[in-house]
Amino acid sequence: MAKKRELLPKILETGANELEIIDFRMYELLDDGSIYEWILGVNVAKVKEVIFKPKDIIKAPGLPPEAEGMAKIRGQMVPIINLAKWMKIKEPPNAGRYVIVMEFLREIIGVVVHEAKRIRRIRWADIKRPPKSIDEKLGGKVIGVVEIEDNKLLLLLDFEGILDELGMIKIFGIEEVETVENIEKKGHFKILILDDSPVARKIIRKILESDGHTVYEAQNGIEALQLLHQWLEEAKATGKDITDYVQLIISDIEMPGMDGLTFTRKVKEDPELSKIPVIINTSLSDRANVDKSRFVGADAHLVKFDAPDLLKLVHQYAIKKQEGG
C-alpha cells in the first residue's frame with residue numbers, strides 16, 4: 001500500500017495534468033500555388049502506431065466518401081480515412097504518405113496524414129478554446145488549441161466528432177436500453193456529465209434521457225466545479241444537501257482547461273462534494289488510465305459508448321433520493 005501512495009504524485013503529475021500528443025501536419029495547396037501548413041495533434045494514448053500508407057487499400061461498400069477503403073494492418077482489416085478529404089483541402093502532389101493508426105471506442109481506424117513530426121508533452125491548462133474562424137473552418141471539430149514555438153497554433157482535433165459525422169461511431173446496445181434484462185432500475189437521477197466533445201455529450205445525454213434521467217452538462221472540469229459550487233451554496237442557503245441537486249457525475253478524461261482526473265481528485269478531496277459518485281467515461285481503455293482513475297478516487301471506469309453498461313453503473317452508483325428531492 002505504501003508503494004501505491006508513493007506512486008500517486010508521479011501518476012497525477014504525468015497523467016492528470018499533462019498529456020503527450022503526436023504533432024502531425026497537413027499541407028493545403030492554395031489557389032496562388034503556395035502551401036499552407038496545418039499543425040494538428042492527437043493524444044498519444046489513442047495512437048497505436050504511425051506507418052507508411054499501405055499499398056493495398058481495398059474499396060469496400062458502406063464506407064463514407066472520405067474513406068479510401070480497407071487495408072490489412074497487423075492481420076486486421078482497418079478502414080482508412082483520408083483526412084484531407086474530410087478537411088476539404090487540396091493536397092500537394094505526392095502528399096499523404098503516412099497513416100496514423102488509432103483506436104477509438106473499441107474500433108481501429110487509419111487516418112492518412114502528410115507528415116508525422118514529433119511527440120509533444122503539453123499541460124491540459126495550456127489548451128485553449130479555438131478561434132471561431134478556425135473552428136468553423138473545420139466544422140466545429142477542434143477540441144482546443146495550444147500555442148507552440150514561433151507563435152504558431154497546434155489544433156487538437158475532435159476525432160470522435162469526425163467519426164460521428166462520417167457515420168462510423170457505434171453506440172453499443174442503444175437499441176437494448178428499454179429491454180435489457182440485467183439492469184436493476186433504482187429510480188431516475190440528476191446526473192452531471194462532463195465532456196469537451198459536443199458529439200459525446202449528445203450521445204451520453206441520449207442514453208441517459210432514454211432511461212428517464214435529468215442531465216446537466218459541462219465542457220470541462222472548470223465549468224463543472226463552478227456548477228457544483230453554485231449548487232453547494234444554494235444547498236447551504238436552503239438547508240438542503242448537495243446530493244439533492246446531483247446524484248451522479250460522469251466525466252471524460254481528455255478535456256482542456258481541467259481534465260477529468262484532476263477534476264475527480266478535486267471533487268473527492270472536498271468533504272461535501274465527495275459524497276457524489278464519479279464515473280470516468282472515456283475512449284481511453286488502456287490499463288494505465290483505469291489505474292489513474294482509481295488513484296484519484298473515481299468510483300468506476302467505463303469505455304465509451306456502451307449504453308447497457310453505462311446504465312448498469314448509473315443504477316449501481318447513483319445516490320438514491322426520494323422522487324422530487
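This passage walks through one sheet of a predicted model, the helices around it and some of its aromatic pairs.

Let's start with the sheet. Five strands make it up, lined up in the order 12-11-13-14-15, and the sheet is open, with parallel pairing. The edges are taken by strand 12 (214-218) and strand 15 (300-303); each has a single partner strand, so one side of each is left without a neighbour in the sheet. On average, neighbouring strands here are turned by 25 degrees against each other, ignoring direction. As a reminder, strands of a sheet pair through backbone hydrogen bonds, either parallel or antiparallel. Strand 11 (residues 190-194) runs parallel to strand 12 and is joined to strand 12 by five bridges. Along this pairing, I193 sits opposite E217 of strand 12.

Now for the helices that pack here. Helix 5 (residues 198-210) lies across four strands, namely strand 11, strand 12, strand 13 (248-251) and strand 14 (278-282), and runs at about 165 degrees to strand 12. Helix 9 (residues 307-317) also packs on the sheet, where it touches strand 11, strand 13, strand 14 and strand 15. The direction of helix 9 makes about 165 degrees with that of strand 15. Which residues of helix 9 are buried? They are A307, P308, L310, L311, L313, V314 and H315. These buried residues pack against strand 11, strand 13, strand 14 and strand 15, and against helix 5 as well.

Helix 7 (residues 260-269) has its own set of buried residues: G260, L261, T262, F263, T264 and V267. The N-terminal end of helix 7 is capped by D259, which places a side-chain oxygen 3.0 Å from the backbone nitrogen of L261.

That leaves the aromatic rings. Searching the whole structure turns up three aromatic pairs. One of them is Y36 with W38, an edge-to-face pair at 5.2 Å centre to centre, with 80 degrees between the planes. Y36 counts as partly exposed because its relative accessibility is 41%, while W38, at 7%, counts as buried. Another pair, Y216 with W231, is edge-to-face too, at 5.0 Å centre to centre and 65 degrees between the planes. What does this pair tie together? Y216 belongs to strand 12 and W231 to helix 6 (residues 221-238), so the pair links parts that are 15 residues apart in sequence. Y216 has a relative accessibility of 28% and therefore counts as partly exposed, whereas W231 is buried, with a relative accessible area of 7%.

Technical notes: Residues numbered from 1 in each chain as written. Predicted model: local features only at pLDDT ≥ 70, side-chain atom pairs only at ≥ 80, totals over all residues. Heavy atoms only, no water. Pairing = 2+ DSSP bridges. Helix = DSSP H or I, 4+ residues; strand = E, 2+ residues; numbered from the N terminus. Axes fitted to C-alpha atoms, helices over the stretch in contact; angles between N-to-C directions. Contact = heavy atoms within 4.5 Å. Buried < 20%, exposed > 50% of the residue type's maximum accessible area, 1.4 Å probe, protein only. Polar contact = N/O pair within 3.5 Å; in protein donor to acceptor, adjacent residues only side chain to side chain. Phe/Tyr/Trp six-rings, centres within 6.5 Å; stacked < 30°, edge-to-face > 60°.
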